There are 2 protein chains.
Amino acid sequence: MIPPRVTIREVAQAAGVSVATVSKVLNDRYGVSEATANRVRGVIADLGYESSLVARSLRNQKTNVIGVLVADLEPFSAEVLKGVADVLRGTEYELVAYAGAARLGEHVGWERRHLNRLSGTLIDGAVLVTPTVTDVVANIPVVAVDPHAGRSDIPTVDSDNSRGGYLAAQHLLALGHRRIAMVTGRPDLMSSQLREDGFRAALSDAHLPSSGLQFVPGGYDPAIARESAHALLTMPPGLRPTAVFAANDATALATIDVARSLGLRVPDDLSVIGFDNVPDAAMCTPGLTTIEQPIREMGRRAALLLIERLHAADLAPVPSGIHVRLDTRLVPRASTAAPALVPGSVRLG
Amino acid sequence: MIPPRVTIREVAQAAGVSVATVSKVLNDRYGVSEATANRVRGVIADLGYESSLVARSLRNQKTNVIGVLVADLEPFSAEVLKGVADVLRGTEYELVAYAGAARLGEHVGWERRHLNRLSGTLIDGAVLVTPTVTDVVANIPVVAVDPHAGRSDIPTVDSDNSRGGYLAAQHLLALGHRRIAMVTGRPDLMSSQLREDGFRAALSDAHLPSSGLQFVPGGYDPAIARESAHALLTMPPGLRPTAVFAANDATALATIDVARSLGLRVPDDLSVIGFDNVPDAAMCTPGLTTIEQPIREMGRRAALLLIERLHAADLAPVPSGIHVRLDTRLVPRASTAAPALVPGSVRLG
DNA sequence: ATGAAAGCGCTAACAT
DNA sequence: ATGTTAGCGCTTTCAT
């Protein structure tokens, strides 16, 4: 009942020629008479035949497919994906995004697995999104976006996380906050570490006494952040921070949620600033003040870098040490404001 | 210098066994002694071998990969993708998103091409995002999200565009608007038609005389919308609409921009409501009042439907007429307000 | 101009 | 328990 996939063999059979001839027609090779070619084309159209990407790439060296390899498709990687698509749109390249099934507890090493499963066959080049390992060896050109580890042998695109952290602290200080907490990120990630470093640097530059500072774990994880936020916000009003910098928007939103559940108003009783500027940051109420990373642009730059390497593949040796770093910027919204004069005194709830 | 891909053959060679034995180890088949299996596993680990997804799927019937097939990766499809990933996360399934290179001028028929290129080989099932054709035949289960055409043989997920249009009209009426215009969408798309139908229904239910109504083309295209908006907003103040419903957010934003360039204030002199609730709608100033479609949830539902069909594949016949329709809702922001008492009189410019 | 055959990496009958 | 072999759909020598 359901028609099976049409293969090149059936096309050949229907046209009364060999599969080799059909293949030649498909690939515009010489050695086929115009008459035969036309007949074959007719059959192809009639049967609605399309060559199998898989079979074709198993056989061919080049596939014209670029892979975006991710551990998971969440807002960040989806945004990178859009950027890559922006560049590929209108080119000869096709785009495949691949998110393998997460093997339980596997945070590290997925990039090599994904690469091995696809390179040499399905894809000509790859963009790795937030890889933990950047010394991967591959037989195809690879570009990393927002790598988690420090040094890297492959071309890399990231944003200025350190400066972003600095900007966040500056913003809170400028508003007048003096008791500030940070919900940190994942200690194993470079981006997270840099955000914290920049944040500390700004506070240190402003000579804020460390007594006004607290750091609690957030792990880029809403659940962990909730717990930390709860501990933070149930402190006595005189000790409780008047502002929180969360290492990413997800944990910032979790913090706001906890604050609200405790009867604290944002930004009146608590200012919260995040990092990333994901769509949710704009859609929520109040709008989340945050540090924007130009994620989509990072995807664009990565794609550009990759295509360049793809075109130069044979000629040039692998140029090492290519690292593109894009600017971060403050996006002020409604979740931050000057602290109440007597913090906590306005709380009515 | 660059190590070539490790294949099963090299593993076999290094372990001193046949490729068949390696394959058995890989797939946990019976007939391999524990000693041999361990030796092979050791070699696999040493060499960092991973089986080629392509070769494997060419050979196998089942691949455990679900495909999300899109014409282009833009905000809408990326959002659907996230929804699908939400459901697949933690399951056995891997996710591949595929955006083929757009053949020039090809708006229609990409879904069949993509499907033919991947089905039967790379993927076990597919989610089609905004397909123009929904009578596709495939040898794998397929679910369509926001199909452009009307009737459909395959399971479908969309949102209640008609009700969304109704809600938009209701909102404007409730604010007190009586001269209302609509910037319509693309006549060839079902979603667009339904938005208009719902809009008309609400106005008719409210017995708004048709003299207060105008429809101008927008084509889901900012450029077209600009032109229409310009014509609309340069009418004499007594005739000019006090509110505009644009068929999607992109054209709503274009309308606001034109209004502003004509010296009209939004929402004081003109209320504008859009449709979709894309991130931009929240990020712009003033925030755009709009009708939200739960796009990510649509992706989730599609994935759920697909997995269900995948599991039931052999047993059940294809159940026809499965159509999931999710609710749309009004998201009030700052771009709509009650009309000025004497419309146009407050204009000072 | 056309076709037969090998082989890409892998799995599954089918030997042994 | 292990190996041999055929074949998934396709492209590409290499005959004819």
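These notes go through a predicted model, taking the pairing of the chains, the DNA surfaces, some helix packing and a few backbone details in turn.

1. Relation of the two chains. A turn of 179° together with a shift of 0.7 Å along the axis lays chain B on chain A, with an RMSD of 0.9 Å. The two copies are therefore related as by a two-fold rotation axis. Within chain B, Ala97(B) has the C-alpha nearest that axis, at 2.2 Å. Both copies use the same surface, since 100% of the contact residues of chain B recur in chain A.

2. The contact between the chains. Chain B contributes 48 residues to the contact and chain A contributes 48 residues. On the side of chain B that touches chain A, at least two residues come from each of helix 4, helix 5, strand 2 (94–99), helix 6 (110–118) and helix 11 (279–283) of chain B. Strand 2 of chain B has the largest share of that side, with 6 residues. Sorted by class, the side of chain B that touches chain A holds 26 nonpolar, 11 polar and 11 charged residues.

3. Helix 5 against helix 5. One part of the model to look at is the pair formed by helix 5 of chain A and helix 5 (residues 75–88) of chain B, whose axes are 10 Å apart and which pack at an angle of about 145°. Their crossing is right-handed. Chain A brings Pro75(A), Ala78(A), Leu81(A) and Lys82(A) to this contact, and chain B brings Pro75(B), Ala78(B), Leu81(B) and Lys82(B). The residues of this contact are 6 nonpolar and 2 charged, with no polar ones.

4. Helix 5 against helix 12 in chain A. Helix 5 (residues 75–88) of chain A also packs on helix 12 (residues 295–312) of chain A; the two axes come within 7 Å and cross at roughly 50°. Because of that angle, helix 5 of chain A counts as oblique to helix 12 of chain A. The crossing is right-handed. From helix 5 of chain A the contact residues include Phe76(A), Val80(A), Leu81(A), Val84(A) and Leu88(A), and among those they meet in helix 12 of chain A are Ile295(A), Met298(A), Ala302(A) and Leu304(A). Charged residues take part as well, including Glu79(A) and Asp86(A) in helix 5 and Arg296(A) and Arg300(A) in helix 12 of chain A. In full, the contact divides into 11 nonpolar, 2 polar and 6 charged residues. Leu81(A) and Lys82(A) belong both to this contact and to the contact with helix 5 of chain B.

5. Surface near DNA strand D. DNA strand D is surrounded by 27 residues, of which Ile8(A), Ala20(A), Ala20(B), Gly31(B) and Thr36(B) are the closest. Two or more residues come from each of helix 2 (19–26) and helix 4 (53–59) of chain A, and likewise from helix 2 (19–26) and helix 4 (53–59) of chain B. Helix 2 of chain A gives the most, 5 residues. The surface near DNA strand D has 11 nonpolar, 11 polar and 5 charged residues.

6. Surface near DNA strand C. Here too 27 residues surround the strand, the closest being Ser18(A), Ala20(A), Gly31(A), Ile8(B) and Ala20(B). Helix 2 and helix 4 of chain A and helix 2 and helix 4 of chain B each supply at least two residues. The class counts for the surface near DNA strand C are 12 nonpolar, 11 polar and 4 charged. Ala20(A) and Ala20(B) are among the closest residues to DNA strand C and also to DNA strand D.

7. Helix 1 against helix 3 in chain A. Helix 1 (residues 8–15) and helix 3 (residues 34–47) of chain A have axes 9 Å apart and pack at an angle of about 125°, so helix 1 of chain A is oblique to helix 3 of chain A. The crossing is right-handed. Glu10(A), Val11(A), Ala14(A) and Ala15(A) of helix 1 meet Arg39(A), Val40(A), Val43(A), Ile44(A) and Leu47(A) of helix 3. This contact has 7 nonpolar and 2 charged residues and no polar ones.

8. Backbone details. Most residues other than glycine have a negative phi, and most peptide bonds are trans. In chain A, the bond joining Val266(A) and Pro267(A) is cis, with omega about 10°; Pro267(A) is in the loop between helix 10 (249–261) and strand 9 (271–276) of chain A. In chain B, a cis bond joins Thr285(B) and Pro286(B), with omega about -5°, and Pro286(B) is in the loop between helix 11 and strand 10 (289–292) of chain B. Thr130(B) has a positive phi, near 45°, and is in the loop between strand 3 (125–129) and strand 4 (142–145) of chain B.

Notes
Residues numbered from 1 in each chain as written. Chains lettered and ligands numbered in written order. Predicted model: local features only at pLDDT ≥ 70, side-chain atom pairs only at ≥ 80, totals over all residues. Near = placed C-beta within 6 Å. Helix = DSSP H or I, 4+ residues; strand = E, 2+ residues; numbered from the N terminus. Axes fitted to C-alpha atoms, helices over the stretch in contact; angles between N-to-C directions. Parallel < 35°, antiparallel > 145°, perpendicular 65-115°, else oblique. Left-handed = near helix turned anticlockwise from the far one by under 90°. Contact = placed C-beta atoms within 7 Å. Least-squares fit on C-alpha atoms with pLDDT ≥ 70 in both.
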